[in-house]
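Please walk through the following model with the text beside it. The account starts at one loop and moves outward from there.

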Amino acid sequence: MKETSFGYEQALEKIKGIGQKPIVIEIQWDGDTQGWFIMMFLITESGFWKFKRTHVHHLGNISSGHGDLRLFNGQVPPWPEAKQAMNIAEELKKELELEIYFPSPNEPDDDCPRWWEQDKAIHCADCNKLIIPTTSPYLSKEVCYNCHLKRKRKNREDIH
Ligand SMILES: [Zn+2]
C-alpha cells in the first residue's frame with residue numbers, strides 16, 4: 001500500500017456521516033506485497049434491547065509507505081503508523097466517548113481477533129497479546145506467531 005494520509009478530522013467527518021451510535025474504534029494490522037499497514041474501523045450500535053445490532057465500518061488506512069524492509073532487517077519498533085492510529089483514536093475517544101480496541105499496538109500482527117471475535121481469543125503465553133489460536137500443526141498453539149519465531153530462535157541458540 002502506498003503512503004496514505006488519514007487523520008482525525010477525516011475520521012470524525014466519516015463517523016458523523018454514518019449516523020449510528022459509535023462504540024468502539026478498532027485498529028488492526030494488515031499486509032500486502034508492499035508491507036504492513038494499519039486499518040481503522042468504527043463499530044456502531046443501532047436498535048435497542050433485544051434488537052441491538054453492531055455494525056462495522058471501515059474508516060481508513062494508514063501506511064508509512066516504506067515497504068517493509070524493517071521486518072527483514074530485524075529492526076524493532078516503534079512503528080510510527082501504530083502511534084499515529086493511536087493518536088487519532090485517543091482524540092476520537094475524547095470527543096465521542098468510545099472505546100479503543102487495538103490488540104497489537106507494539107508489533108504488526110494480522111492474526112489478532114476482530115473486536116467481535118474476542119470470545120474465541122486467548123492471550124499469547126509469552127507476550128499476553130490477544131490471538132486466535134492457530135490451526136496449523138507446525139505452529140505452537142499457545143503463542144502468537146512472533147513469539148513462536150522467538151522461541152524457535154532461542155532453541156537454536158540453546159543448541160549451539
Ligand atoms: Zn506473543
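Phe48 sits in the loop that runs between S2 and S3. Helices and strands here are DSSP runs (H or I over at least four residues for a helix, E over at least two for a strand), numbered from the N terminus. The model is a predicted one, in which local features need pLDDT of at least 70 and side-chain atom pairs count only at pLDDT 80 or more, while totals for chains, interfaces and linings use all residues. Residues are numbered from 1 along each chain as its sequence is written, and side-chain values use heavy atoms, with hydrogens and water left out.

Phe48 counts as exposed because its relative accessibility is 57%; the classes are buried for under 20% relative accessible area, exposed for over 50%, and partly exposed in between, with a 1.4 Å probe and protein chains only. Trp49 lies in the loop between S2 and S3 as well, and at 61% relative accessibility Trp49 also counts as exposed. Together with Phe51, these two residues make a nonpolar surface patch of about 430 Å². Patches are built from residues with over 30% relative accessible area and no salt bridge, joining like charges within 9 Å and nonpolar side chains (Val, Leu, Ile, Met, Phe, Trp, Tyr) within 5 Å. The accessible areas come from the Shrake-Rupley method with a 1.4 Å probe, and for residues only the protein chains shown count as cover.

The backbone of this loop deserves a look. Most residues other than glycine have a negative phi. Trp49 has a positive phi near 50° although it is not glycine. Gly47 also takes a positive phi, near 75°, in the hairpin of S2 and S3, which has six residues between the strands.

What do the strands on either side of the loop do? S2 (residues 35-46) and S3 (residues 53-62) pair in the antiparallel sense over nine bridges, where pairing requires that DSSP finds at least two bridges between two strands. Within this pair, Ile38 stands opposite Ile62 in S3. On the other side, S2 pairs with S1 (residues 21-32), again in the antiparallel sense, over eleven bridges. Gln28 has Met39 in S2 as its bridge partner, and a hairpin of two residues joins S1 to S2. Strand S2 is mostly covered, with eleven of its twelve residues buried.

S1 and S2 are also linked through side chains. Glu45 and Lys21 meet in a salt bridge, at 3.9 Å from N to O. The pair links distant parts of the chain, Glu45 in strand S2 and Lys21 in strand S1, 24 residues apart. A salt bridge here is a side-chain nitrogen of Lys or Arg within 4 Å of a carboxyl oxygen of Asp or Glu. Glu45 counts as buried because its relative accessible area is 19%.

At the level of the whole protein, the secondary structure comes to four helices and six strands. Along the sequence they follow the pattern α-β-β-β-α-α-β-β-β-α. Of the 160 residues, 39% count as buried.

Which residues hold the zinc ion? Its protein donors are Cys124, Cys127, Cys144 and Cys147, each through SG, lying 2.3 Å from the ion. Donors are N, O and S atoms within 2.8 Å of the metal (3.2 Å for Na, K and Ca), and sites may look incomplete because water is not among the atoms. Along the chain the donors follow the spacing C-x2-C-x16-C-x2-C. The arrangement is tetrahedral because the four donor atoms subtend angles of 101 to 118° around the zinc ion; four donors count as tetrahedral if all angles lie between 85 and 135 degrees. Both Cys144 and Cys147 are buried.

Asn128 lies in the loop between S5 and S6. This residue has a positive phi of about 75° although it is not a glycine, and at 52% relative accessibility it counts as exposed.

Salt bridges number six in the model. Asp109 forms one with Lys129, the closest N and O atoms being 2.8 Å apart. That pair links distant parts of the chain: Asp109 is in the loop between strand S4 (99-101) and strand S5 (122-123), and Lys129 is in the loop between S5 and strand S6 (130-131), 20 residues away. Both Asp109 and Lys129 are buried.

Key:
Tetrahedral: all angles 85-135°; square planar, octahedral: opposite > 155°, others 65-115°.
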